[in-house]
Amino acid sequence: MNLRSIYIVALMLLSWHTGFALNSETPGITHNTTAKTITLTVDDKKLTILIDYSSGCIVKQLNIKGVNALSASGVYTGITTKNAVFTSSTALPVVKVNQKLNEAIISNISYGDNALTVTETWRFKIAGDKISWKITRQYSTNAQLEDMALPKWNFANLAVWKGGILDNGGMVWCKYLKQVDDTYGVHTGGVTFWNAESGNGFRISPATNSAIATKYSHNANNEFTATQLVTNNALQQRYDLSRFVSKRANVFAAFDVQKGQTSVEYTLQYIDYFKEYTRGTLPGIDAAAVRELLNTTGRYGVVDNNIIGANGWLTNWKCLHEPFFAQVGMALNDVNYTKNMSATLNQERDQAMLADGRVLSRWHNVPGDEIKGTYNTKTGYYEAMWGYTIDSQTGYVINASEQFDINGDVDWLKSHQTSCEKALDWMIKRDANNNGIFEMLNNNIAEKKASDWLDIVWASYENAFVNAQLYEALNLWANCEKVLGNQQKATYYAAVAARLKAAFNKPIEEGGFWSPAKKQYVYWRDNDGSVHGDNLVTPVNFAAIAFGICDDKQRIAQVLDQIEQRNNQEKLFHWPLCYDSFTQAEVSPGNWPFPKYENGDIFPTWGYMGIRAYVHYDKGIALKFINNILAQYKKDGLSSQRYSRVTQLGLGDDILAGISTSITALYRDIYGIRPKWNRMGIEPNLSPVLNGTAFTYTLRGIKYNLKLSTNNYSMSTTGFAVKCNSAFGANKTGNSLTFYPGNREEMLLKIKSASVHSINLTIDNWAENQFRWTITSADNYEFTLNGLQPSTNYQYTINGLSQKVKTTAEGSLIIKKVCRPGAKFVVKPIV
């Protein structure tokens with residue numbers, strides 16, 4: 001043992017008995033007994049904390065790359081009773097300090113009064129680039145508390161961080177805490193704070209066997225605070241079901257604590273935000289704006305655990321008739337959001353669905369927006385006062401179907417099978433005239449009731465917008481039924497969709513929604529046969545094209561050319577809800593005069609449908625509107641409900657999280673990120689300006705490296721690499737790689753290797769009657785082609801040598817070959 005080691009050991013032994021009678025320093029830890037401070041610095045020097053126990057006990061400094069992020073208040077623990085506030089910053093000055101090689105322990109931190117005393121031990125430990133902080137608290141007796149801090153972080157101001165990314169997939173945006181004591185509370189404890197200018201981030205990751213919650217606030221000193229609460233049971237809300245409260249410091253109700261011990265351990269870490277949350281290389285796209293938009297507006301719809309939707313947490317509102325929140329999760333690519341979205345749909349299945357299959361349309365923190373008698377004070381779900389918005393049926397099914405493709409959990413899907421069937425069947429029963437188009441609960445404009453998302457437009461009876469969404473829901477769910485092994489139900493729902501498609505596309509004179517005169521789809525038909533909404537309503541026409549119920553190329557051109565022409569005339573940065581006015585009888589007075597609110601203003605919420613509609617018609621137009629949204633985000637953060645048709649300035653404090661959907665469409669419909677339950681899939685639609693796009697995408701724990709240029713796509717991960725000039729999916733299990741041409745399952749190429757080495761595959765061509773590929777990794781392979789013509793003679797060629805083979809009755813053939821890199825295969829039917 002060298003002299004330094006002997007000195008350290010002796011110092012440690014002395015410290016256990018004296019509580020650090022001497023100044024001491026061990027790697028990463030410095031103790032100043034004169035100042036009564038302890039400083040801990042991680043190995044890479046990017047994170048340092050300083051604990052001051054000279055008068056009470058607080059974390060005095062949190063230095064991120066040398067800059068203190070805290071206010072003078074620092075970080076402390078505490079409790080609030082009905083009568084007083086007690087904190088560790090004024091604890092009794094009899095703390096004890098001990099040290100081991102890489103940790104410091106501060107004990108006997110005591111505060112409270114005769115009624116309740118708290119005694120704590122703080123244990124700090126350095127592990128590489130992280131500091132763990134374990135707080136063990138002892139309550140002297142059972143008590144009821146109004147609040148607690150375990151701990152409370154007091155940051156210098158609201159500009160230290162742009163916000164915090166929560167470990168339920170949500171975010172707190174500091175600029176939304178405008179007033180003193182504006183407070184947002186969530187039932188989760190993990191957060192990554194970030195500064196979008198410096199790229200510095202700070203992550204707090206909790207571990208506890210108890211329930212944990214956090215409230216974020218703007219206090220009277222203009223500090224940004226984060227207060228963590230650890231309790232035996234999940235906290236209730238103090239004010240109705242409110243997660244956000246304005247000008248109130250407490251968001252959680254009073255709670256009980258029990259005599260005895262509780263503990264929580266936080267892992268503290270510096271985060272290189274730009275690296276951790278990079279969106280990759282995105283030519284032609286402002287990648288920084290994409291990152292910031294998704295991490296703010298894209299996450300704003302996470303109200304709390306089990307509640308994802310819009311409007312968002314500021315107004316404590318969620319609409320169940322919005323079918324795009326699973327898609328938002330696909331673009332965010334955050335496992336925490338994915339878990340929370342699955343839990344959200346579970347809760348809606350259990351709490352928002354009536355016995356007959358009706359899906360309630362909204363969640364809110366307080367009553368007042370509901371049809372009388374429908375608000376559930378315990379759950380917050382209800383029917384909107386504006387009318388029975390039937391698209392909550394389709395919203396639930398679409399979100400559940402698309403969420404399954406992300407979580408890949410067949411058991412989870414099975415738990416939604418009955419509820420999704422009930423939701424669809426509730427709608428399918430609503431075809432009183434048996435014409436294949438499904439009816440709303442309201443019959444005509446005289447009732448002055450809504451039937452969909454446009455809640456103060458009196459769309460009634462046969463609603464094209466809802467029926468287009470139903471078409472999408474039916475087809476998505478039919479595929480889910482196949483996965484669950486119910487081919488009969490899959491066939492049934494597909495047949496209903498096909499009949500709906502035929503009826504939908506009939507001219508209005510024949511009972512459909514197509515207007516030959518206006519060259520557009522009309523919005524609705526009343527029960528008296530009168531037609532309404534021929535004023536070029538964009539969500540209706542976009543939905544028809546985006547969801548594929550309209551696949552007529554001439555009609556697609558007529559609709560999309562009109563919309564682009566009208567938009568160019570007014571030089572609008574995004575699409576309005578309609579280009580011409582509804583009649584006054586068709587809308588609420590709140591929509592009058594035109595253009596106003598849902599009668600002509602710009603609502604980017606439905607932007608994803610516009611992008612999806614245009615991407616197969618004119619990629620340049622689709623890309624233009626994506627870049628317009630990114631430019632607008634840089635101006636105002638998209639922190640509005642809508643935009644004025646006249647001024648194009650933001651309107652409405654009721655901010656909508658769905659305003660981000662054009663960027664989810666960038667990922668789904670342009671980069672083509674199309675995960676499926678059993679594979680990763682890409683279906684790109686790139687313009688040349690996007691060539692060279694490269695980023696990673698993580699699906700169910702596997703990180704995929706994607707490189708995209710026009711007709712040149714590659715996907716690689718540990719175990720395989722695939723290159724192809726068209727859409728595809730891929731998955732590897734064990735030594736077996738499955739290639740899905742077109743990202744579909746009608747035909748498969750399975751490659752099984754003898755070793756565990758990576759399988760590297762290049763698809764040279766995959767046409768109807770010729771399939772060519774190259775293997776660029778050496779191994780002993782077995783190739784199985786499924787989905788060929790059954791019992792048919794084929795020829796396969798390997799490096800120019802051909803052989804004939806007959807497919808099985810199921811349409812399969814097998815080729816076995818020991819391959820060197822560059823082995824070329826061709827399979828084609830013998831004509």
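How are H12 and H14 oriented to each other? In this predicted model, helix H12 (residues 553–570) and H14 pack at an angle of about 40°, and their axes lie 12 Å apart. Angles under 35 degrees count as roughly parallel and 65 to 115 as roughly perpendicular, and H12 and H14 are therefore oblique to each other. Their crossing is left-handed. On the H12 side the contact involves Glu564, Asn567 and Asn568, and on the H14 side Ile621, Lys624 and Phe625. Sorted by class, the contact of H12 with H14 comes out at 2 nonpolar, 2 polar and 2 charged residues.

**Helix pairs**

H14 (residues 619–636) also packs with H13 (residues 607–615), and here the axes come within 7 Å and cross at roughly 155°. That makes H13 roughly antiparallel to H14. The crossing of H13 and H14 is again a left-handed one. H13 brings Ile611, Tyr614 and Val615 to the contact, while H14 supplies Lys619, Ile621, Ala622, Phe625 and Ile626. By class, the residues of the contact of H13 with H14 are 7 nonpolar, no polar and 1 charged. Ile621 and Phe625 of H14 turn up in the contact with H12 and in the contact with H13.

Another pair sits earlier in the chain. Helix H9 (residues 464–483) packs with helix H10 (residues 487–504) at about 155°, with 8 Å between the axes. That makes H9 roughly antiparallel to H10, and the crossing is left-handed. The contact draws on many residues of H9, among them Leu470, Tyr471, Leu474 and Trp477, and on residues of H10 including Tyr493, Val496, Leu500 and Phe504. Charged residues take part as well, including Glu481 and Lys482 in H9 and Lys489 and Lys501 in H10. The full split for the contact of H9 with H10 is 14 nonpolar, 3 polar and 4 charged.

Here are the pairs side by side:

| Helix pair | Angle | Axis distance |
|---|---|---|
| H9 and H10 | about 155° | 8 Å |
| H13 and H14 | roughly 155° | within 7 Å |
| H12 and H14 | about 40° | 12 Å |

**Sheets**

Now for the strands. One open sheet has 9 strands in the order S9-S10-S11-S12-S24-S19-S18-S15-S16, with antiparallel pairing. Its edges are strand S9 (96–99) and strand S16 (171–173), each of which pairs on one side only. From one strand to the next the twist averages 20°. Within this sheet, strand S19 (residues 200–207) and strand S24 (residues 260–272) run antiparallel to each other over 8 bridges. In that pairing, arginine 203 is opposite glutamine 269 in S24.

A further open sheet, also with 9 strands, is ordered S39-S40-S41-S42-S46-S47-S52-S49-S50, and this one has mixed pairing. Strand S39 (693–699) and strand S50 (801–806) are at the edges with a single partner strand each, so one side of each is left without a neighbour in the sheet. The twist here averages 20° from one strand to the next. Strand S40 (residues 702–709) pairs with strand S41 (residues 712–717) in the antiparallel sense, over 5 bridges. Serine 709 faces asparagine 712 in S41. As background, strands of a sheet pair through backbone hydrogen bonds, either parallel or antiparallel.

**Salt bridges**

How many salt bridges does the structure hold? The count is 34. One of them joins lysine 318 and glutamate 348, whose closest N and O atoms are 2.5 Å apart. Lysine 318 belongs to strand S28 (residues 317–319) and glutamate 348 to helix H5 (residues 335–351), so the pair ties together parts that are 30 residues apart in sequence.

**Backbone oddities**

Most residues other than glycine have a negative phi, and most peptide bonds are trans. A few spots in this model go the other way. Tryptophan 592 and proline 593 are joined by a cis peptide bond, with omega at about 0°. Phenylalanine 594 and proline 595 are also linked by a cis peptide bond, this time with omega at about -10°. Where do these prolines sit? Proline 593 is in the loop between H12 and H13, and proline 595 is in the loop between H12 and H13 too.

The remaining case concerns phi. Asparagine 108 is not a glycine, yet its phi is positive, at about 65°. Asparagine 108 is located in strand S10 (residues 103–112), and S10 is one of the strands of the antiparallel sheet described above.

Definitions and conventions. Residues numbered from 1 in each chain as written. Predicted model: local features only at pLDDT ≥ 70, side-chain atom pairs only at ≥ 80, totals over all residues. Heavy atoms only, no water. Axes fitted to C-alpha atoms, helices over the stretch in contact; angles between N-to-C directions. Helix = DSSP H or I, 4+ residues; strand = E, 2+ residues; numbered from the N terminus. Parallel < 35°, antiparallel > 145°, perpendicular 65-115°, else oblique. Left-handed = near helix turned anticlockwise from the far one by under 90°. Contact = heavy atoms within 4.5 Å. Nonpolar A, V, L, I, M, F, W, Y, C, P; charged D, E, K, R; others polar. Pairing = 2+ DSSP bridges. Salt bridge = Lys/Arg side-chain N within 4 Å of Asp/Glu carboxyl O.
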